[in-house]
Amino acid sequence: MGLKLYLDLLSQPCRAVYIFAKKNGIPFQLHTVDLLKGQHVSEQFLQLNCQRKVPVLKDGNFVLTESSAILIYLSSKYQVADHWYPADLQARARVHEYLGWHTDNIRGIFGVPLWTKVLGPLIGTQIPEEKVERNRKNMFESLQRLEEKFFGDGTFLTGYQVTVADLMCLEELMQPVALGYNLFEGRPQLTAWRARVEAFLGANLCQQAHGRILSIQEQAAKNALPVPYPEVQSRMMLRIARIP
């Protein structure tokens with residue numbers, strides 16, 4: 001039956017999974033789930049993930065959600081290079097340490113600019129300026145904490161080699177970058193880290209994975225994005241309401 005990945009490359013976790021699978025030569029069938037068209041709320045997709053979220057992995061009859069779990073599953077099943085998800089107990093613990101920190105300090109913050117600049121206006125909603133400014137402040141405070149906690153003597157987040165932690169982090173930071181935020185200005189450590197990760201991944205793969213998000217503002221300006229239908233808009237409004 002083969003491995004199937006259900007992704008939308010507008011999503012940061014989806015891009016992390018996509019890049020990982022491509023970089024490691026893992027054979028898979030890509031099933032694009034267009035979030036703006038509401039394909040994630042279809043009855044067909046509901047059978048895969050009752051939470052109506054991507055990414056989703058389907059391997060035979062086995063279905064797995066959550067990007068971190070998917071990356072670990074792929075690392076283990078396909079016996080990729082050890083540096084991605086180290087066998088050494090303490091090195092692996094460092095990866096898990098970052099993934100836990102990532103959830104609390106990165107995941108819910110760096111995706112907000114897509115909502116304030118594109119998705120909110122797409123459905124006729126303007127996010128209050130005080131929320132936009134608060135998010136900007138939160139992003140830069142999180143970057144400061146990221147550098148303080150994870151940029152020590154190593155060249156990557158958890159040591160001297162790329163891991164799934166670096167991939168998860170890079171894709172989150174690319175979201176506001178694509179929306180015009182210069183997160184790396186005045187941050188030489190962070191800038192050097194990004195350059196090392198992207199050099200390891202390769203320019204072609206990065207361009208392939210980032211094309212959708214890098215073009216989203218231009219598409220919005222040209223009114224080229226599909227307007228979500230009412231059920232999707234109502235879910236989007238709930239997400240917008242949760243922006244602190």
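C50 is exposed, at 56% relative accessibility. Here exposed means over 50% relative accessible area, buried means under 20%, and partly exposed lies in between, with a 1.4 Å probe and protein chains only. The model is predicted, so local features need pLDDT of at least 70 and side-chain atom pairs count only at pLDDT 80 or more, while totals for chains, interfaces and linings use all residues. Residues are numbered from 1 along each chain as its sequence is written, and side-chain values use heavy atoms, with hydrogens and water left out.

## Cysteines

C50 takes part in no disulfide. A disulfide is a covalent bond between the sulfur atoms of two cysteines. The cut-off used here is a pair of cysteine sulfur atoms within 2.5 Å. Searching the whole structure gives 0 disulfides. Why is C14 not bonded to C50? The two sulfurs are 16 Å apart, too far for a bond, and C50 holds the closest cysteine sulfur to that of C14. C14 is buried, at 0% relative accessibility.

## Strands around β3

Helices and strands are DSSP runs, numbered from the N terminus: helices are H or I with at least four residues, strands are E with at least two. Two strands pair if DSSP finds at least two bridges between them.

Strand β3 pairs with β1 in the antiparallel sense, over 4 bridges. β3 also pairs with β4 in the antiparallel sense, again over 4 bridges. K58 has a partner in each: K4 stands opposite K58, and so does V63 in β4. V56 stands opposite T65 in β4.

Which residues of β3 are buried on its two faces? V56 and K58 are buried on one side, L57 and D59 on the other. Both faces are thus covered.

The link from β3 to β4 is a hairpin with 2 residues between the strands. G60 sits in that turn, with a positive phi of about 70°. Ahead of β3, in the loop between α2 (43-46) and β3, comes P55. A cis peptide bond joins V54 to P55, with omega about 5°.

## Helix α3 and its cover

Helix α3 spans residues 67-77. Its buried residues are S67, I70, L71, I72, L74 and S75. What covers them? The cover includes strands β1 (3-7), β3 (56-59) and β4 (62-65). Helices α1 (12-23), α4 (89-105) and α7 (164-178) are also included. Contact means heavy atoms within 4.5 Å.

## Residues with positive phi

Several residues outside the hairpin turn also have positive phi values.

| Residue | Place | Phi |
|---|---|---|
| E66 | loop between β4 and α3 | about 75° |
| Q79 | just after α3 | about 45° |
| N223 | loop between α10 (216-221) and α11 | about 55° |

E66 is not a glycine, and neither is N223. E66 is exposed, at 56% relative accessibility. N223 is exposed too, with a relative accessible area of 69%.

## A buried glutamate

E172 lies in helix α7. Is E172 buried or exposed? E172 is buried, with a relative accessible area of 2%. Its contacts, leaving aside neighbours within four places in sequence, are Q12, P13, H102, I106, R107, F110 and G111.

## The largest pocket

Rolling a probe the size of a water molecule over the atoms shows where empty space is left. The search runs on a 1 Å grid over the protein atoms alone. A pocket is an open set of points with protein on both sides within 12 Å along at least five of seven lines, whereas a cavity is a set where a 1.4 Å probe fits but cannot get out. Lining residues have an atom within 4 Å of a point. Grid points are joined across faces, edges and corners, and a volume is the space filled by probe spheres set on the points.

The largest pocket holds about 1,200 Å³ of space. Its lining counts 33 residues, and K53, V54, R107, W115 and R239 lie nearest its centre. Elements giving two or more residues to this lining are α1, α3, α4, α5 (112-122), α7 and α11 (230-241). The largest share, 5 residues, comes from α11.

By class, the lining has 14 nonpolar, 12 polar and 7 charged residues. Nonpolar covers Ala, Val, Leu, Ile, Met, Phe, Trp, Tyr, Cys and Pro; charged covers Asp, Glu, Lys and Arg; the others, Gly among them, are polar.
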